[in-house]
Amino acid sequence: MEAVGDVARRHGLKVIEDACQAHGAKFKDRKTGLWGDCAAFSLNQNKLMCGGEGGIFVTDDEQIAAAARTLWSFGETRTPVESRDYHVYALGWMYRNNDLAAAFARAQLTKLDQYIANQRRNVTELFAGLQDIPGLILPAEPEGHFHNWYNFTCRMDMDVLGWYDEPIRLRDAMVKALNAEGVPALVWQRFILPEMTVFQAQNAYGHGCPWSCPYTEAVSYDPADFPVAQKHLETHFAFISPLRAPHGPEVPKAVAGGVRKVFDNIGELDVDKILEAS
Ligand SMILES: Cc1ncc(COP(=O)(O)O)c(C=O)c1O
């Protein structure tokens, strides 16, 4: 974010921070949401702090706040609880949350610190149980970073595991074996962004827009240009639910035991048979 901020300052740009997964996370003791000119947090069902749906928008810039309010409700300038003039001043959408979900989210906000503490205690347990498993690469929390551990993403080192076929085949078989052991490992993403149809077709709104719009420059979306993302995609698996409150340390401890068992017996996996059965 420091580098992004530098570029933005040099070019007179505003930074919109996508902090959707990062409630309470910090870098150099400064929380996410405070690095850009404004930021958004998601409250969907999958997030560390869940409000059912919707999100939280933060900014300390009055002008940006006013622009956001306009976008939020059909380009109008008054909120529905004020007396509306039903006049559209700018392009806007219907991004309002519903009041019940928002009230629930406000109550959840008072518990966020507690949720993060629970998450971090569970991750400590998971790290302890997953240490030194050959072929398993664990995530890291570098110096100066404070993770909320929204998810815990591991990778498989195919060289260490002696697997020279397509990595995705062993990974998918492993995830199935883990699930069979009751370990809720999951695959997060199956396509890197440039591979997705909308980018390949370069046609989001019809007639090639926005790629065909004036002021845009040609962009190449060749998946082969992104080998690191592709490798990550094919070798990762993640844990979410075992870390979440109200689960205490006994859950990550059991998860780590299941992971160790499957990795210890990786030589016994009949990959073809497991994948055929799916
Ligand atoms: C990084 C990131 N940005 C944006 C979003 C979108 O959030 P929402 O589903 O609340 O619109 C998500 C949620 O999945 C996300 O993880």
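# A first look at this chain

Of the 278 residues in the chain, 34% are buried. The model you are looking at is predicted. Its chain contains nine helices and nine strands, and the C-alpha trace spans about 70 × 45 × 40 Å along its principal axes. Let's walk through it topic by topic, starting with the ligand.

**Around the ligand**

- Seek out the ligand in the 3D view, and you will find it surrounded by Asp-18, Cys-20, Gln-21, Ser-42, Asn-44, Lys-47 and Gly-54.
- Sorted by class, this shell has four polar residues, two charged ones and one nonpolar one.
- Which kind of ligand atom does the side chain of Asp-18 meet? A nitrogen atom of the ligand lies 2.7 Å from a polar side-chain atom of Asp-18.
- Gln-21 has a side-chain N or O atom 2.8 Å from an oxygen atom of the ligand.
- Asn-44 also deals with a ligand oxygen: one of its polar side-chain atoms is 3.0 Å from an oxygen atom of the ligand.
- How much of the ligand does the protein bury? On its own the ligand exposes 390 Å², and the protein buries 53% of that area.

**Cysteines without a bridge**

- A disulfide is a covalent bond between the sulfur atoms of two cysteines.
- How many disulfides does the structure hold? The number is zero.
- Cys-20 takes part in no disulfide, and the nearest cysteine sulfur, in Cys-38, is 12 Å away.
- Seen from the other end, Cys-38 has its closest cysteine sulfur in Cys-20, and 12 Å is too far for a bond; the cut-off for a disulfide is 2.5 Å.
- Is Cys-38 buried or exposed? Cys-38 is buried, because its relative accessible area is 5%, and buried means under 20%.
- Cys-20, which belongs to the ligand's surroundings, is partly exposed with a relative accessible area of 22%.

**A three-stranded sheet**

- Three strands make an open, antiparallel sheet, in the order β3-β2-β7.
- Why do β3 and β7 each have a side without a neighbour in the sheet? β3 (30-31) and β7 (145-146) are at the edges with a single partner strand each, so one side of each stays unpaired in the sheet.
- Two bridges hold the antiparallel pairing of β2 (residues 26-27) with β3.
- In this pairing, Phe-27 stands opposite Arg-30 of β3.
- The loop between β2 and β3 contains Lys-28, whose phi is near 50°, a positive value in a residue other than glycine.

**Strand β8 and its partners**

- Strand β8 (residues 152-156) shows two faces: Phe-152, Cys-154 and Met-156 are on the covered one, while Thr-153 and Arg-155 are on the uncovered one.
- β8 runs antiparallel to β6 (residues 136-137), and two bridges join them.
- Met-156 of β8 has Leu-136 standing opposite.
- With β9 (residues 236-239), β8 forms an antiparallel pair over four bridges.
- Which residue in β9 is the bridge partner of Cys-154? The partner is Phe-237.
- His-236 also sits in β9, and its relative accessible area of 2% makes it buried.
- The His-236 side chain reaches the backbone oxygen of Leu-233 at 3.0 Å.

**Backbone details to spot**

- Most residues other than glycine have a negative phi, and most peptide bonds are trans.
- Trp-149 goes against the phi pattern: its phi is near 50°, a positive value in a residue other than glycine.
- Where does Trp-149 lie? Trp-149 is in the loop between β7 and β8, and it is buried, with a relative accessible area of 3%.
- Cys-209 and Pro-210 are joined by a cis peptide bond, with omega about 5°.
- You can find Pro-210 in the loop between α6 (197-201) and α7 (227-235).
- Another cis peptide bond runs from Ala-245 to Pro-246, with omega near 10°.
- Pro-246 has its place in the loop between β9 and α8 (250-264).

Definitions and conventions:
Residues are numbered from 1 along each chain as its sequence is written. This is a predicted model: local features need pLDDT of at least 70, side-chain atom pairs count only at pLDDT 80 or more; totals for chains, interfaces and linings use all residues. Side-chain values use heavy atoms; hydrogens and water are left out. Two strands pair if DSSP finds at least two bridges between them. Buried means under 20% relative accessible area, exposed over 50%, partly exposed in between (1.4 Å probe, protein chains only). A residue is near a molecule or strand if one of its heavy atoms lies within 4 Å of it. A polar contact is a pair of N or O atoms within 3.5 Å; within protein, one must be able to donate a hydrogen and the other to accept it, and residues adjacent in sequence count only if both atoms are side-chain atoms. Accessible areas come from the Shrake-Rupley method with a 1.4 Å probe; for residues, only the protein chains shown count as cover. Ala, Val, Leu, Ile, Met, Phe, Trp, Tyr, Cys and Pro count as nonpolar, Asp, Glu, Lys and Arg as charged, and the others, Gly among them, as polar.
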